[in-house]
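Open the model in your viewer and keep the sequence beside it. We will go from stop to stop, selecting a few residues each time and looking at what is there.

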Amino acid sequence: MKIRTLIVDDEPLARERLRQLLSKEVDMEIIGECADGDSAIRAIRKMTPDLVFLDVQMPGRDGFAVLEALDKLPAVVFVTAYDHHALKAFEFHALDYLLKPFDRKRFLKTLDHVRPMLKQPETLRRQLLQMLQQRDKEFSDRIVIKASGKIYFLKTGDIEWIEASGNYVIVHSGGEQHLVRETMNAMEKKLNPEKIIRIHRSHMVNLEKIKELNSMFNGEYTVILKSGTRLTLSKTYKDTLPENLREYL
């Protein structure tokens, strides 16, 4: 039985490379190619491939965002130019990854890993379901930052505070500002509330970065960070503070 495979990569040469390698495998059937994230989402939903070779960085939605948009995950092999340290953040989404540039030997190793899983659809289905549940339940220990054509990861422990900016948030860390395409509510759900808390409709703060709290006349508090930044703890969010801090308010 053929393994119905979709290739997703914005680089024509990269798609050609995968096409050539897959064409030599008798059990692989290429059912389509996509050059961006939005078309990949449409293709996956319509064609329901058995396997997707998915690039990480693409115009519009990147590979990570493609998977986030899907209710039903296909079996995925990431194809990326990023090293294995960064790729650890993607492992719960993918069966394997190929680091560009890769040779035929590495490609065949990937297929050797993927084939047994695809021959056990029930096992694969359970694994992918667990991946979805894990993605929804676990708190992120890092966030993805896209800047100047690159993707890198910022540890949540390095975050000082976060402010809302429409459908984006601005993450402050080490004197730098990073614009992330997330709403404040979505970001709050991703981060561990024992470490980073909401103190205002427009602000979240890392508890480890707080230097002192100063009361204001209206029942609110000024939150002073170690960096000198001053934020407001509104009355609405006082209960988000840890109990060992609330007892002093």
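Which residue in β14 is the bridge partner of Leu213? Select Leu213 and look across to β14: the partner is Val223. Keep in mind throughout that this is a predicted model.

**Stop 1: the three-stranded sheet**

Now widen the selection around that bridge. You should see an open sheet of three strands in the order β13-β14-β15, paired in the antiparallel sense. Colour β13 (210-215) and β15 (230-233) to mark the edges, since each of these strands pairs on one side only. Between β13 and β14 (residues 221-225) there are five bridges. Neighbouring strands here are turned by 30° against each other on average, if direction is ignored.

**Stop 2: the five-stranded sheet**

Next, move to another sheet. Five strands make up this open sheet, in the order β2-β1-β3-β4-β5, and their pairing is parallel. Its edge strands are β2 (28-34) and β5 (96-99), each with pairing on one side only. From one strand to the next, the twist averages 20°.

Zoom in on β1 and β2, which are joined in the parallel sense by six bridges. To see a bridge for yourself, select Val8 and find its partner in β2, Cys34.

**Stop 3: helices against the sheet**

Add helix α1 to the view. It lies across β1, β2, β3, β4 and β5, and runs at about 170° to β2. Then add helix α2 (residues 37-47), which packs on the sheet and touches β1, β2 and β3. The direction of α2 makes about 170° with that of β1.

**Stop 4: the nonpolar cores**

Time to look inside. Nonpolar side chains tend to be buried together in soluble globular proteins.

How many residues does the largest nonpolar core have? There are 19, and those with the most contacts inside this core are Leu18, Leu51, Phe53, Leu98, Phe102 and Phe107. Show them as sticks. The elements giving two or more residues to the core are β1 (3-8), α1 (12-23), β3 (51-55), β4 (75-80) and α5 (104-118). Helix α5 supplies the largest share, five residues.

Select Phe107 for a closer view. Leaving aside residues up to four places away in sequence, Phe107 touches Leu18, Leu21, Leu22, Phe53, Leu98 and Phe102. You can also find a second, separate core of 18 residues; Val52, Leu54, Met58 and Leu67 are among them.

**Stop 5: a pair of rings**

Keep Phe107 selected and add Phe53. A search of the whole structure finds one aromatic pair, and you are looking at it: the ring centres of Phe53 and Phe107 are 5.8 Å apart and the planes are at 25°, so the pair counts as stacked. Phe53 sits in strand β3 and Phe107 in helix α5, 54 residues apart, so that distant parts of the chain are linked by this pair. Both residues are buried.

**Stop 6: a histidine**

For the last stop, select His172, in strand β9 (residues 168-173). Is His172 buried or exposed? It counts as buried because its relative accessibility is 9%, and the cut-off for buried is under 20%.

Now show what surrounds His172. Its side chain makes a polar contact with the side chain of Glu163, at 2.8 Å. Not counting residues up to four places away in sequence, His172 touches Asp158, Ile159, Glu160, Trp161, Glu163 and Gln177.

How values were computed: Residues numbered from 1 in each chain as written. Predicted model: local features only at pLDDT ≥ 70, side-chain atom pairs only at ≥ 80, totals over all residues. Heavy atoms only, no water. Core = buried A, V, L, I, M, F, W, Y, C linked by side-chain atoms within 4.5 Å. Buried < 20%, exposed > 50% of the residue type's maximum accessible area, 1.4 Å probe, protein only. Helix = DSSP H or I, 4+ residues; strand = E, 2+ residues; numbered from the N terminus. Contact = heavy atoms within 4.5 Å. Phe/Tyr/Trp six-rings, centres within 6.5 Å; stacked < 30°, edge-to-face > 60°. Pairing = 2+ DSSP bridges. Axes fitted to C-alpha atoms, helices over the stretch in contact; angles between N-to-C directions. Polar contact = N/O pair within 3.5 Å; in protein donor to acceptor, adjacent residues only side chain to side chain.
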